[in-house]
Amino acid sequence: MKAAQFEHHEPTTLDEAVSLLGSLDEPAILAGGQSLIPMMRFRLARPETVIDLNRIADLDFLEESDGHLRIGALCRHVDIEESDLIAETYGSFFDAAPLVADPQIRNRGTVVGSVAQSDPKGDWGTVLLAHDGEVIANGPDGERTIPADEFFLLPYDNMLDETELITELRVPVPTENEGSAYHKLKRKVGDYAMVGVAARVVLEDGVITDAGVALTAVDITNIGVPDAEEILVDETPSGDLFKRAGEAAAETAHPESDEHGSADYKENMTRVLTQRALASAVERAR
């Protein structure tokens with residue numbers, strides 16, 4: 001099938017895009033298009049108008065500034081995958097990027113688009129949660145910052161207003177003694193996660209002083225695991241500690257049985273991957 005007829009807009013500035021959002025009737029936003037275009041092709045989505053962001057050069061960036069890693073709305077998965085900055089400093093981002101779908105999608109799809117899609121099986125929402133990240137949205141009333149732990153509401157639903165678009169994602173620049181990792185279970189290349197875990201730790205004098213743990217594909221949204229984080233803080237890293245954090249993650253998870261595995265299996269893999277991700281994060285922090 002082919003997409004139904006639609007009106008295509010190509011703004012060249014953010015202000016122009018925001019103005020279009022406010023004036024058009026339920027427009028769709030196109031950045032990478034790796035979710036939107038297939039839905040339009042099969043007429044699961046039939047927007048009358050599409051606002052294409054790809055000519056807004058100011059949205060194409062991946063940089064550190066003002067104490068944050070900033071990921072612009074037109075930053076592609078492959079930009080994360082091939083970035084020396086990411087490889088040197090942001091372990092969970094470095095791990096997650098090559099696990100997103102396949103090379104064709106990574107070459108075109110955007111990190112922000114994945115977060116905006118809010119698929120609970122998407123990887124980037126989980127990484128954002130583990131890093132205490134923020135979603136920066138822009139609309140007719142100006143810019144607002146939405147903490148990642150408040151952003152995801154339901155599958156494919158989030159805190160964005162209909163007249164807003166995400167301009168960037170932000171996470172704090174890691175300290176010298178911080179490490180992170182992302183571990184993911186999937187059947188084959190290109191598949192969504194059956195289970196994914198992002199972990200982040202900060203070490204001071206051998207003790208964990210801050211931690212982030214978040215999960216993919218085991219609840220109705222990407223979720224953080226505050227109970228696991230509380231278990232980790234003020235403790236010395238050890239296999240037993242990671243096991244207890246893994247138990248907390250498994251208890252927080254609410255996976256569903258499907259053709260890929262039972263709920264019990266996914267809970268157990270949540271337990272296992274949490275331990276592995278924490279071990280990797282601690283190794284990098286050291």
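**Local environments of Thr110 and Glu81 and the packing of helices H11 and H12**

Thr110 has a relative accessibility of 4% and therefore counts as buried, since the cut-off for burial lies under 20%. In this predicted model, Thr110 occupies the loop between helix H6 (103-108) and helix H7 (111-117). When neighbours within four places in sequence are set aside, the contacts of Thr110 comprise Ala31, Gly32, Ala73, Leu74, Cys75, Arg76 and His77. For one of these partners, Gly32, the C-alpha to C-alpha distance from Thr110 is 5.3 Å, although 78 residues separate the two in sequence.

A second site was examined at Glu81, a residue of helix H3 (residues 77-81). Its relative accessibility of 27% places Glu81 in the partly exposed class, because that class covers values between the 20% and 50% limits. Beyond its neighbours within four places in sequence, Glu81 is in contact with Ala97, Pro98 and Arg106. Arg108 is separated from Glu81 by 27 residues in sequence and by 12 Å in space, C-alpha to C-alpha.

The pairing of helix H11 (residues 239-252) with helix H12 (residues 263-285) was then considered. The two helices pack at an angle of about 135°, and their axes are 8 Å apart. H11 and H12 are therefore oblique to each other, as the angle does not exceed the 145 degrees above which helices count as roughly antiparallel. The crossing of H11 past H12 is right-handed. On the H11 side, the contact is formed by Phe242, Lys243, Ala245, Gly246, Glu247, Ala249 and Ala250; these meet Glu267, Thr270, Arg271, Thr274, Gln275, Leu278, Ala279 and Val282 of H12. Classification of the residues in this contact gives seven nonpolar, four polar and four charged.

Taken individually, H11 contains 14 residues and spans 20 Å from its first C-alpha to its last, close to the 20 Å expected at 1.5 Å a residue. Its buried residues are Leu241, Phe242, Ala245, Gly246, Ala248, Ala249 and Ala250. The elements covering these buried residues include strand E13 (207-216), helix H10 (226-232) and H12.

H12 contains 23 residues, with a reach of 32 Å between its first and last C-alpha, close to the expected 33 Å. Burial in H12 extends to Ala263, Lys266, Met269, Thr270, Leu273, Thr274, Ala277, Leu278, Ser280, Ala281, Val282 and Ala285. The buried residues of H12 pack against strand E11 (178-185), strand E12 (195-204), E13, H10 and H11.

How values were computed:
Residues are numbered from 1 along each chain as its sequence is written. This is a predicted model: local features need pLDDT of at least 70, side-chain atom pairs count only at pLDDT 80 or more; totals for chains, interfaces and linings use all residues. Side-chain values use heavy atoms; hydrogens and water are left out. Axes are lines fitted to C-alpha atoms, for helices over the stretch in contact, and angles run from 0 to 180 degrees between N-to-C directions. Helices (H or I, at least four residues) and strands (E, at least two) are DSSP runs, numbered from the N terminus. Angles under 35 degrees count as roughly parallel, over 145 as roughly antiparallel, 65 to 115 as roughly perpendicular and the rest as oblique. A crossing is left-handed if the near helix is turned anticlockwise from the far one by less than a right angle, and right-handed if clockwise. Contact means heavy atoms within 4.5 Å. Ala, Val, Leu, Ile, Met, Phe, Trp, Tyr, Cys and Pro count as nonpolar, Asp, Glu, Lys and Arg as charged, and the others, Gly among them, as polar. The expected span of a helix is 1.5 Å times one less than its number of residues. Buried means under 20% relative accessible area, exposed over 50%, partly exposed in between (1.4 Å probe, protein chains only).
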